[in-house]
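Please look through the sequence and the model that follow, beginning with the overall form and then turning to the strands, one helix and a single side chain.

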Amino acid sequence: MTDNAYTRPRTSLRSRPRADEGPEVRIRSADEWDPWFATLLRAFGGTEASPEGRQLWHDLAEPERSLGAYDGTAVVGTAGALSLRVAVPGGSVVPMAGVAMVGVLPTHRRRGLLTALMRRLLDDSRERGEPLAGLTASEPAIYGRFGYGLATQRIRLAVPRHRVSLTPPPDSGRVRLRLVDPAEAAAACEQLYAARVPLRPGMLARQPGWERLPLLDPLADRNGCSPLQCVLAEDPGTGLLLGYARYAVRPEWDASGPRGTVEVRDVEAADPAGYAALWSYLMDIDLTETVVAESRPVDDPLLHLVSDARRCEARLLDGLFLRPVDVGAALEARRYAAPVDVVLDVVDAFCPWNTGRWRLSGDAKGASCLRTGDPAELALTVRELGTAYLGGTTLAALAAAGRVREVRAGALAAASRAFTGEVAPWLPHSF
């Protein structure tokens, strides 16, 4: 972390406003989980959570980072942060405040409660030394004003398996496939997943307890699908795990015959042969017509294995919204694809400690980012830094949209090259 003179004194999460200032924002107590969670569900339209889902989020939520807005004794707003770690360009895994469970009741909206909750969460994140904060957005337009930029995207695929074929690499035939109980294989799958995390920015290093999330499969949420299935790809000689896929099958029939759907939850593999073998399996399940994957990287290798990518109906969707909590520490935490030495003039209206000029100097081995009085070379807000941080969107593209301004001729091209990455960033699951 970079120490500087702009560190602000600690702001207590338990401070109470005056009685005439409206609802109190404070940390919820351990025995307030039920009304707190009920308010969150009500803010999202009243949808009920399954008992399994409720228990999982009860266990994953961190009480000391869970805020409530209280009007008297009634909970009227919620927000929380999760102590996550995210992969950044260069292979490091960096602390990130995962902002989640945010909601305000319709009766108390447009009173500044969301702003108050965001203020407390970011102050706390800064105090904890987390360089980044991230979230997934129910409504993306809400969070730009708090400095969050779209850092990862994903694609949804719907592959008509009878009209699309695969051309796997020659050695994919050596792979052995084995159906297993998802829970019994969870430890081995998590080990492979953990090895993959540093290789793609945006992936989350799952802390203890989070391995339960991909196995969550309540009957009430299956929507006609089978229980969760798991297939392993293994080396037949050594038994080494090469990859895994988790999925469910939704049977459907009409007058013409079976029209079932394979709903893909996860696919991870250590090499191209294992990856191709898993997708060949998923696209060859009897009594099905379509293979649907809700979240894949935008540069997914599957797009280069299929005979006709157009028929896969790839739909671009948003993923992780990211913002630096500490600009200097965040930019020092990642590595750069090309040497960079640039003075950034950053504006951060919501976290003013970031506002000012920063000299970023770095390459593939390391970086420094310190306050400077030197003239600015690029001007941008913290939202653009969040958007470009993982390498999925170039600074040049943001400049073309008028969101980054080149002050010194030539500075934009050099910085834009430096921020790019070899693979597209991707958030594998929400939080």
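What does the accessible surface of the protein come to, and what share of it belongs to carbon and sulfur atoms? In this predicted model, the accessible surface comes to about 19300 Å², and 52% of that area belongs to carbon and sulfur atoms. The overall dimensions can be read beside this value: a compact globule of 431 residues would have a radius of gyration near 22 Å, and the 23 Å of the protein agrees with that expectation. Along the principal axes, the C-alpha atoms fill a box of roughly 65 × 55 × 40 Å. Of the 431 residues, 53% are buried, and among the contacts with a separation of 6 or more, 73% are made by residues 24 or more positions apart. As for the charges, the mean position of the 51 positive ones lies 4 Å from the mean position of the 53 negative ones.

The secondary structure consists of ten helices and 21 strands. Seven of the strands form an open sheet of mixed pairing, in which the order is β1-β2-β3-β4-β5-β16-β6. Because β1 (24–27) and β6 (149–150) each have a single partner strand, they stand at the edges, and one side of each is left without a neighbour in the sheet. The partner of β1 is reached through four bridges, over which β1 and β2 (residues 66–71) pair in the antiparallel sense; within this pairing, R26 has G68 of β2 as its bridge partner.

A further set of pairings can be followed from β10 to β15. Strands β10 and β13 run antiparallel and are joined by eight bridges, with A245 matched to V267 of β13. Strand β13 is in turn joined to β14 by five bridges, but here the two run parallel, and G260 has T288 of β14 as its bridge partner. From β14 the path continues to β7, since these two strands pair in the antiparallel sense over five bridges, A158 being matched to V292 of β14. Finally, β7 (residues 153–160) and β15 (residues 315–318) run antiparallel and are joined by four bridges, one of the pairs being I155 with L316 of β15.

Several of these strands return when one asks what surrounds helix α5 (residues 272–282). Nine of the eleven residues of this helix are buried, so α5 is largely enclosed by the rest of the structure; the buried residues include A273, Y275, L278, W279 and L282. Their cover includes β8 (176–180), β9 (229–234), β10 (241–250), β13 (260–269) and β14 (288–296), together with the helix α6 (302–305). Strand β13, which is part of that cover, is itself mostly covered, with eight of its ten residues buried.

Back in the seven-stranded sheet, V94 offers a view at the level of one residue. V94 is found in β4 (residues 93–104), and its relative accessible area is 4%; because buried means under 20%, V94 counts as buried. Leaving aside neighbours within four places in sequence, V94 is in contact with L84, R85, V86, V88, P131, L132 and A333. For one of these, L84, the separation from V94 is ten residues in sequence and 8.3 Å in space, taken from C-alpha to C-alpha.

Technical notes: Residues numbered from 1 in each chain as written. Predicted model: local features only at pLDDT ≥ 70, side-chain atom pairs only at ≥ 80, totals over all residues. Heavy atoms only, no water. Rg over C-alpha atoms; globule rule 2.2 N^0.38 Å. Buried < 20%, exposed > 50% of the residue type's maximum accessible area, 1.4 Å probe, protein only. Contact = heavy atoms within 4.5 Å. Areas by Shrake-Rupley, 256 points an atom, 1.4 Å probe, with all protein chains shown as cover. Lys, Arg positive; Asp, Glu negative; His and termini not counted. Charge placed at Lys NZ, Arg CZ, Asp CG, Glu CD. Pairing = 2+ DSSP bridges.
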